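Visitor: Could you take a close look at one part of this protein with me, and then show me what lies around it? I would enjoy a connected tour rather than a list.

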Amino acid sequence: SPARMSGSGPEATRPGDGAEVRLQEAEQDWAAAKAFYDNLPSKRPRPPKPQHAITVAVSSRALFDLVEERRIYEEHGLEKYVEYQQDNENVTLKPGPAFYFVKALEHVNARLLELYPDDEERFDIVLMTNNHAQVGVRLINSINHYGLTIERFCMTGGKSPIGYLTAYLTNLYLSADSEKVQEAIEAGIASATMFAANKDVAYSDTQLRVAFDGDAVLFSDESEQIVKEQGLDRFFEHEQLNENKPLAQGPLKGFLEDLGKLQKKFYAKNERLNCPIRTFLVTARSAASSGARVLKTLRSWGLEVDEALFLAGAPKGPILVKIRPHIFFDDQMFHIEGAQKLGTIAAHVPYGIAQKYHKST
């Protein structure tokens, strides 16, 4: 397991396992490559080292609208699909569900580079696609058309991307392929399946806005198991008895931690009121009956969210309309579908006991 759920940085090394030697060799390789590229004139910012970056890997179907292309692939096969992509390589692809999230990440990067021009702790977006290399020209043309800064491509030609995600020290993987997302989650990589909104809404172009569900997303599914198996009353009793016992971490805890680190870099420059990152907890929990444990867990981790919304079972869609996040993470598909209907781009995290109940219905 790449152990990326606990936040940024490579997996802790163990004496005798060779990991420390490999890390030193990788540092030497990066130093040599950086020395070479630093001597080449360019106005474009250099991609940060994976060891320092917050790496967000995005599939081509998450970044762009490839619904028609996918239909051609499924109905006519790979060769016709590749031929179609090559014939249309100068036709710009339309934005997909992760497009505006990526744009917001790049805005944060621009602000960071203004304040910390020599610091590499920023987002690095990698296009991680199982497309064949022949399709790359259309993807590159579309990325350049929109002015996106995506320098690293992995085109796996139909093979699983998991090994590459591990090699890139990926902090977050977004894809339209639920099977690959499930595989990544099982490998310990924070991942989610992207779903486009059913309505067009305006997203902030000056602030990255990220909304998280709580149980089975930021936290483990420990409490959700009790709800599913023993009911709400037993859940409320359990949470009050364990109010001072922190919940175990869930798959997206590390990404919230990464966002928090970047927020503090802005705070250190007296930019708290103008911070380009805002985080939201949007949970079905009720505040009075089960909210304290959540807030105390975040406190014990040294983390905070900018806004916490306890909905006590009310639908999340109307609240998300007000928040207008670039992405909303949830483990339950009915919340994803409700968000979609009202215009929120949602990302399904296939983790925890809710997946068992979803598959059985």
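Guide: Let's start with K180, in what is a predicted model. The relative accessible area of K180 is 15%, and because the cut-off for buried is under 20%, this lysine counts as buried. K180 sits in helix α8, which covers residues 178-186. If we set aside the neighbours within four places in sequence, the contacts of K180 are N130, P161, I162 and Y173.

Stepping back to the whole protein, buried residues make up 49% of its 361 residues. The protein has 15 helices and ten strands. Among contacts with a separation of 6 or more, 76% are between residues 24 or more positions apart.

Now for the sheet. Ten strands form an open sheet with mixed pairing, and their order is β3-β2-β1-β4-β5-β10-β9-β6-β7-β8. At the edges stand β3 (152-155) and β8 (307-310); each has a single partner strand, so one side of each is left without a neighbour in the sheet. On average, neighbouring strands of this sheet are turned by 25° against each other, direction ignored. As a reminder, strands of a sheet pair through backbone hydrogen bonds, either parallel or antiparallel.

At the β8 edge, the partner is β7 (residues 277-283): the two strands run parallel and are joined by four bridges. F280 has E307 of β8 as its bridge partner.

Helices lie across the sheet, too. One of them is α6 (residues 136-145), which lies across β2 (123-129) and β3 and runs at about 150° to β3. Another is α14 (residues 333-341), lying across β5 (191-195), β9 (327-330) and β10 (346-348), at about 165° to β10.

Finally, there is a helix pair to look at. Two packed helices are described by the angle between their axes and the distance between the axes. For α10 (residues 232-241) and α12 (residues 287-301), the axes come within 8 Å and cross at roughly 40°. The two helices are therefore oblique to each other, and α10 passes α12 in a left-handed crossing. On the α10 side, the contact is made by F235, F236, H238, E239 and Q240, and on the α12 side by A288, S289, S290 and R293. Sorted by class, the contact of α10 with α12 has three nonpolar, four polar and two charged residues.

Technical notes: Residues are numbered from 1 along each chain as its sequence is written. This is a predicted model: local features need pLDDT of at least 70, side-chain atom pairs count only at pLDDT 80 or more; totals for chains, interfaces and linings use all residues. Side-chain values use heavy atoms; hydrogens and water are left out. Buried means under 20% relative accessible area, exposed over 50%, partly exposed in between (1.4 Å probe, protein chains only). Contact means heavy atoms within 4.5 Å. Two strands pair if DSSP finds at least two bridges between them. Axes are lines fitted to C-alpha atoms, for helices over the stretch in contact, and angles run from 0 to 180 degrees between N-to-C directions. Angles under 35 degrees count as roughly parallel, over 145 as roughly antiparallel, 65 to 115 as roughly perpendicular and the rest as oblique. A crossing is left-handed if the near helix is turned anticlockwise from the far one by less than a right angle, and right-handed if clockwise. Ala, Val, Leu, Ile, Met, Phe, Trp, Tyr, Cys and Pro count as nonpolar, Asp, Glu, Lys and Arg as charged, and the others, Gly among them, as polar.
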